[in-house]
Amino acid sequence: MKDHYKVPLESLKKVCDEKIFDFKTTEEVLPQEGIIGQERAVKAVEFGLKVKRYGYNIFMMGITGTGKFSYAQNYVKEVAKDESVPEDWCYVYNFENPYEPKALNFPSGKGKDFCEDMEELVEDLKVEIPRAFEGEEYEKEKAEILKEFQQQRNELMEELSKIAQEKGFALKRTPTGFVTIPIVDGKQLSQEEFDQLEEDVKEDLEEKMNEVQLKSMEVTRKILNAEKEVKDKLKQLEKKIGLFAVGHLIDDLKEKYKDYSKVKDYLEEVKEDVLENLDDFKAEEGEQSTFPWMKKPKAAEERYQVNLLVDRSESSGAPVVIETNPTYYNLVGKVEYESQFGMVSTDYTMIKPGAIHRANGGYLILQAMDLLTNFRSWDALKRVLKNKELQIENLQEQMGLVAMSTLRPEPIPVNVKVIIIGNPFIYRLLYHYEEDFRKLFKIKADFDVEMKRNEDNINLMAGFVSNQCQMEGLRSFESSAVARLVEHSSRLAGHQGKLTTKFNDIIEIIHEADGWAALDNSEHVEARHIKKAIEEKVYRSNKIEMKIQEMFQEGKYLLDVEGEKVGQVNGLSVIDQGDYTFGKPNRITAAVYLGKRGIMNIEREAKLSGKIHNKGVLILGGYLAGKYAQEIPLTLSATLTFEQLYEGVEGDSASSTELYALLSSLSKLPLRQDIAATGSVNQKGEIQPVGGINEKIEGFYAVCKAKGLTGQQGVIIPYQNMNNLMLSDEVVEAVEKGEFNLYQVRTIDEGIEILTGVSAGEVMEEGTYPEGTVNYLVDKNLRHYNQALIKRRKEIQSEESSRDE
């Protein structure tokens with residue numbers, strides 16, 4: 001009967017025959033540079049990059065090691081190189097509002113040209129303007145204006161003096177105006193002499209004095225007006241000379257940039273500002289003040305500098321920016337400050353670009369975890385994508401922490417495709433709890449952890465190995481080494497018909513195998529080097545496993561691998577340490593007794609059981625009731641436990657094993673201790689597949705080997721897990737020699753037959769089971785419990801009636 005359930009030897013591992021390859025070493029294989037086995041994700045990314053609509057940004061989702069970042073980097077660059085180069089961006093001085101610098105855009109490379117043109121213009125201004133004002137024409141026109149003013153002033157003064165003399169007064173000029181001095185008999189009177197005059201004479205002189213004073217005021221006003229006029233004329237002369245000196249220079253630039261209206265407007269503003277500030281170019285530079293609060297206003301030549309924020313002069317194709325540290329300022333840019341004597345200052349030349357500026361018109365690649373763990377970075381990115389423009393803002397000001405005068409640069413329009421790389425957990429969190437996420441990231445590229453193991457993918461794997469050898473300067477791999485690598489890939493995938501797409505794990509084995517080949521002085525990497533690399537990698541991580549195996553050998557962990565016992569069976573669990581996973585056998589025991597409590601999960605009572613394990617135990621009650629309680633109530637009390645379990649248990653992969661222990665206790669039939677079992681069970685008694693099947697088998701095999709192989713030991717597995725078998729060569733060899741066995745079952749009845757050696761028994765027409773079968777004995781004992789409870793209930797009722805009488 002047992003042989004009927006044995007797993008065929010060829011099903012224990014899917015071997016890769018090196019003869020399928022048409023090469024001896026990977027030197028003969030064309031390197032595979034693209035990603036392998038991710039057709040779904042690749043199609044999603046290709047579509048997302050082609051759609052240039054709002055919100056069609058991409059979230060590349062998958063666990064670490066599936067090649068998301070490498071693919072994103074390489075493929076996006078490949079797409080971007082055929083696209084047009086986006087614009088240059090500059091910030092320039094805003095002459096109307098210096099606190100709001102203006103943004104100018106140019107075709108790629110033109111921004112740098114404009115920057116150089118403005119530098120050249122400033123240098124020309126510094127030469128041409130002083131030269132123009134040193135010319136004879138300027139001095140001549142200036143002298144004529146001054147001469148005309150002097151003549152006009154002299155005429156006014158002569159007129160005033162004449163009137164004063166006619167009235168009998170002399171004029172004396174003071175800083176506050178003109179003073180009139182009376183003249184009597186040709187002599188200027190002092191104040192004392194004036195006071196001694198007769199009243200009628202004094203009154204006459206005072207009346208005349210007022211007339212002269214009014215006239216002097218009129219003359220003074222005319223002189224002031226003339227001075228103002230002469231200043232205006234001189235200023236107009238300077239503008240005329242300045243325009244003559246610089247007009248053609250700026251007009252040449254306006255002609256050069258005539259297709260860019262904003263640039264033309266800016267150059268016109270520059271011209272006006274130059275003419276208004278000609279003295280900045282004429283005057284020699286004075287000493288710089290030591291004190292910042294006495295600092296002179298920004299020199300004209302500094303106002304005409306151009307801050308080339310984004311320069312595409314050396315670019316080809318659309319930009320691809322990978323920001324590895326997406327802080328708020330690294331993303332959106334910032335306005336820097338300089339500190340002097342405890343005071344900070346800034347200007348438009350200190351505006352610095354962020355990753356979004358550099359990626360504008362192209363692609364920006366970010367890691368989700370880095371983006372979300374940097375304060376306010378996600379908010380900043382979201383705001384840019386929603387508003388389609390980038391406003392550089394001070395983070396402290398946004399939060400209201402600092403109130404200070406700062407720049408508010410003109411926002412720059414943004415057209416960028418964002419690719420975020422993250423794991424499925426982050427994607428689901430954002431999708432469900434970030435309301436804007438689904439609007440902004442409409443393309444999900446879901447990277448799988450496995451691909452089909454077919455001829456095409458196996459050949460692609462060989463090409464992948466060839467590419468790694470070529471890129472990293474490794475030894476070439478023999479076909480036998482590639483075959484062993486394919487087998488290891490299936491082991492990592494946990495499926496005979498699959499290969500893992502976690503290529504980071506494969507790359508590690510490739511590099512380490514090359515290292516062992518180097519130590520072996522081998523020309524090529526051989527199959528034995530792959531095996532050595534895998535074994536050594538396991539050895540570096542399996543310390544805990546070896547400690548546990550040692551405890552089994554010393555008898556500290558109680559586990560029988562021979563004989564038979566009632567209500568006791570060997571279960572299998574998996575311990576995941578993150579970088580290493582291994583199987584560990586566990587003794588599972590069951591005790592049944594008269595009562596109505598049902599099945600009690602000791603782990604649950606001790607709060608060491610997870611929700612899924614609790615569910616698995618509850619299913620056992622459903623199975624027993626459905627099979628044995630159709631005519632009588634299910635009346636029993638039972639306890640189940642994992643012996644010597646101290647760290648908790650989760651999952652339902654041992655539920656069939658627990659049921660075997662219960663059936664053994666109910667039927668009083670002993671179970672074989674040289675066989676371990678794993679598998680989930682449903683209420684119908686059907687065995688369901690479980691995870692970690694290879695690790696579980698190898699874990700029990702290791703204990704059996706340590707205690708001595710008998711040829712009878714083995715493991716019962718769900719039949720659905722047969723295609724998950726990728727066992728180690730050692731276990732396969734032991735099965736081949738008859739030292740170890742594997743059984744596959746579909747139902748509880750099949751499993752219990754293997755463990756007890758007794759037929760399970762099919763239900764007959766009258767609802768009973770054949771005598772001597774497992775199910776007959778279980779049903780018989782449950783009926784016995786039921787009758788015993790009925791009898792006991794009657795005795796209690798009789799005792800109570802007697803007391804009442």
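Is Glu631 buried or exposed? Glu631 comes out at 57% relative accessibility, so it counts as exposed. Keep that residue in mind; we'll come back to its salt bridge after a look at the whole chain. One caveat before going on: this is a predicted model.

Start with the overall picture. The chain has 805 residues, and 46% of them count as buried. Its secondary structure comes to 29 helices and 30 strands. If you take the contacts between residues at least 6 apart in sequence, 76% of them join residues at least 24 apart. As for the surface, the chain exposes about 42000 Å², and carbon and sulfur atoms supply 48% of that area.

Now zoom in on one sheet. It's an open one with 3 strands, in the order S3-S2-S7, and the pairing is antiparallel. Strand S3 (102-106) and strand S7 (307-310) sit at the edges with a single partner strand each, so one side of each has no neighbour in the sheet. From one strand to the next, the twist averages 30°. Strand S2, residues 88-92, pairs with S7 in the antiparallel sense over 3 bridges. If you want a spot to click on, try Tyr91, whose bridge partner in S7 is Asn307. There's a helix to go with this sheet, too: H8 (residues 261-276) lies across S2 and S3, and it runs at about 130° to S3.

While you're in this region, have a look at Cys90. Its relative accessible area is 0%, so it is buried. What about disulfides? A search of the whole structure finds 0 of them. For Cys90, the nearest cysteine sulfur belongs to Cys115 and is 6.7 Å away; a disulfide would need the two sulfur atoms within 2.5 Å. Elsewhere in the chain, Cys469 also counts as buried, because its relative accessibility is 8%.

On to the charged side chains. The structure holds 36 salt bridges. One of them joins Lys502 and Asp505, with an N to O distance of 4.0 Å. Lys502 counts as partly exposed at 27% relative accessibility, and Asp505 gets that label at 24%.

Another salt bridge links Asp749 and Lys627, with the closest N and O atoms 3.1 Å apart. Asp749 belongs to helix H28 (residues 748-756) and Lys627 to helix H24 (residues 611-628), so this pair ties together parts that are 122 residues apart in sequence. Asp749 counts as buried at 16% relative accessibility, whereas Lys627 is partly exposed at 22%. The cut-off for buried is under 20% relative accessible area, which is why the two residues get separate labels.

That brings us back to Glu631. Its salt-bridge partner is Arg783, and the closest N and O atoms are 3.2 Å apart. Arg783 is in helix H29 (residues 774-804), while Glu631 is in the loop between H24 and strand S24 (637-642), so the pair ties together parts that are 152 residues apart in sequence. Arg783 is partly exposed, with a relative accessible area of 28%. And to finish with a group rather than a pair: Lys13, Arg484, Glu487 and Asp729 are joined into one network by salt bridges that share partners.

Key:
Residues numbered from 1 in each chain as written. Predicted model: local features only at pLDDT ≥ 70, side-chain atom pairs only at ≥ 80, totals over all residues. Heavy atoms only, no water. Pairing = 2+ DSSP bridges. Helix = DSSP H or I, 4+ residues; strand = E, 2+ residues; numbered from the N terminus. Axes fitted to C-alpha atoms, helices over the stretch in contact; angles between N-to-C directions. Contact = heavy atoms within 4.5 Å. Buried < 20%, exposed > 50% of the residue type's maximum accessible area, 1.4 Å probe, protein only. Areas by Shrake-Rupley, 256 points an atom, 1.4 Å probe, with all protein chains shown as cover.
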